[in-house]
Amino acid sequence: MLATTATANLVEVFSAIQGEGLNVGTRQIFIRFGRCDLRCWFCDSEHTWEIDEQCRIEQTPGKRDFQSYQNPVEETQLLSWIQQQHQSHLHDSISLTGGEPLLHAPFLQRFLPQLKQVTQLPIYLETGGHRPQQLSLILPYVNSIGMDMKLPSVSGEQRWQAHSDCLQRSWQAQKEIFVKLIVSDQTCWEDLEQARERIAQVSPNIPVILQPVTPVTGVTPPHAEQVLQWQAWMKQSLSMVRVIPQTHKLIGQL
Ligand code: SF4
């Protein structure tokens, strides 16, 4: 029997311009969940890895006038914060991000139908794509998915089979899905080959974004010549391969 209320541990809720992937440039309400079970070398969200006692909630869309609240948060509370953000014509969709949102799948299973009813906005899931069972729990309530397929030479993580499984489930459910591949000067051909093959096996029409890594300590983006070569090679088997760096950092956005 379902409990009368559900809770989740959050990092933050805010309104921003999406800076990555196929939705780049759109305005979204971001719900950032706490915890991640991966440890990518290039991670710029290490503060999300563990659960914090508090989360911060933007009071006015885009103003960064955050107030702190205690974790965990009840679904009704989160719903009221989203309603506060949801101004007429402002947002294109709601982004579930992290951390890894799928670690909160049971909560999302309950929360997303209410969220859709209240806002009517499409739900976009950003995931590491390594938790297929949890993905299946919330697929009926999600409109689109950005799957971060981990290249071992760049991230230190190897999840090929789980990635294939997540792609298959999303495609079968007829969800809009794209794959993001973060590339650095360490990206090896074997990884790109694995990625290309696994995506094409599900469908050559799944869009792929090559995202040159934003430089952080010890991680360097690839040269433009490398990226041009990779894109040309991937396009031999996949119908859409775009190169898009993180744009929100270019405009100095949080
Ligand atoms: S999956 Fe995302 S949040 Fe988790 S370690 Fe990798 S980059 Fe960081």
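The exercises below, each with a worked solution, concern a predicted model.

**Exercise 1. The sheet**

Give the strand order of the open sheet and identify which strands stand at its edges.

Solution.
- The open sheet has ten strands, in the order 5-4-2-3-7-8-9-10-11-12, and its pairing is mixed.
- Strand 5 (66-70) and strand 12 (241-243) each have a single partner strand, so one side of each has no neighbour in the sheet, and these two are the edges.
- From one strand to the next, the twist averages 20°.

**Exercise 2. One strand pair and one packed helix**

Describe how strand 4 is joined to strand 5, and state which strands helix 7 touches.

Solution.
- Strands of a sheet pair through backbone hydrogen bonds, either parallel or antiparallel.
- Strand 4 (residues 54-58) and strand 5 run antiparallel and are joined by five bridges.
- Within this pair, Ile57 has Gln67 of strand 5 as its bridge partner.
- Helix 7 (residues 224-234) packs on the sheet and touches strand 10 (176-183), strand 11 (208-212) and strand 12. The direction of helix 7 makes about 170° with that of strand 11.

**Exercise 3. The faces of helix 5**

Determine which residues of helix 5 are buried, how they are arranged around the axis, and what they pack against.

Solution.
- Helix 5 (residues 160-172) has 13 residues. From its first C-alpha to its last it reaches 18 Å, close to the 18 Å expected at 1.5 Å a residue.
- A residue is buried if 20 or more other C-beta atoms lie within 10 Å of its own. In helix 5, His163, Cys166, Leu167 and Ser170 are buried.
- Seen down the axis, the buried residues of helix 5 fall within an arc of 100°, so they line one face.
- An α-helix has 3.6 residues a turn, so residues three or four places apart point the same way.
- Gln161 and Gln172 are exposed on the other side of helix 5.
- The buried residues of helix 5 pack against helix 3 (132-138), strand 9 (144-148), strand 10 and helix 6 (189-202).
- Just after helix 5, Gln174 takes a positive phi of about 60°.

**Exercise 4. The faces of helix 1**

Sort the named residues of helix 1 into buried and exposed, and list elements that cover the buried ones.

Solution.
- Leu78, Trp81, Ile82 and Gln85 are buried in helix 1 (residues 75-85). These residues cover an arc of only 100° around the axis, which puts them on the same side of helix 1.
- Thr76, Ser80 and Gln83, on the other side of helix 1, are exposed.
- The cover over the buried residues of helix 1 includes strand 2 (10-17), strand 3 (27-33), strand 4, strand 6 (73-74) and helix 2 (105-119).

**Exercise 5. Backbone details in loops**

Locate the cis peptide bonds Asn71-Pro72 and Gly98-Gly99, then place His89 and Gln120 and state whether each is buried or exposed.

Solution.
- The bond joining Asn71 and Pro72 is cis, with omega about -5°. Pro72 lies in the loop between strand 5 and strand 6.
- The bond from Gly98 to Gly99 is also cis, with omega near 10°. Gly99 is in the loop between strand 7 (93-97) and helix 2.
- His89 is not a glycine but has a positive phi of about 65°. The loop between helix 1 and strand 7 holds His89. His89 has 6 C-beta neighbours inside 10 Å, so it counts as exposed.
- Gln120, a residue other than glycine, has a positive phi near 65°. Gln120 is in the loop between helix 2 and strand 8 (123-127). With 8 other C-beta atoms within 10 Å, Gln120 is exposed.

How values were computed
Residues are numbered from 1 along each chain as its sequence is written. This is a predicted model: local features need pLDDT of at least 70, side-chain atom pairs count only at pLDDT 80 or more; totals for chains, interfaces and linings use all residues. Two strands pair if DSSP finds at least two bridges between them. Helices (H or I, at least four residues) and strands (E, at least two) are DSSP runs, numbered from the N terminus. Axes are lines fitted to C-alpha atoms, for helices over the stretch in contact, and angles run from 0 to 180 degrees between N-to-C directions. Two residues are in contact if their C-beta atoms, placed from the backbone, lie within 7 Å. The expected span of a helix is 1.5 Å times one less than its number of residues. A residue is buried if 20 or more other C-beta atoms lie within 10 Å of its own, exposed if 12 or fewer, and partly exposed in between; C-beta atoms are placed from the backbone. The arc is that of the directions from the helix axis to the C-beta atoms.
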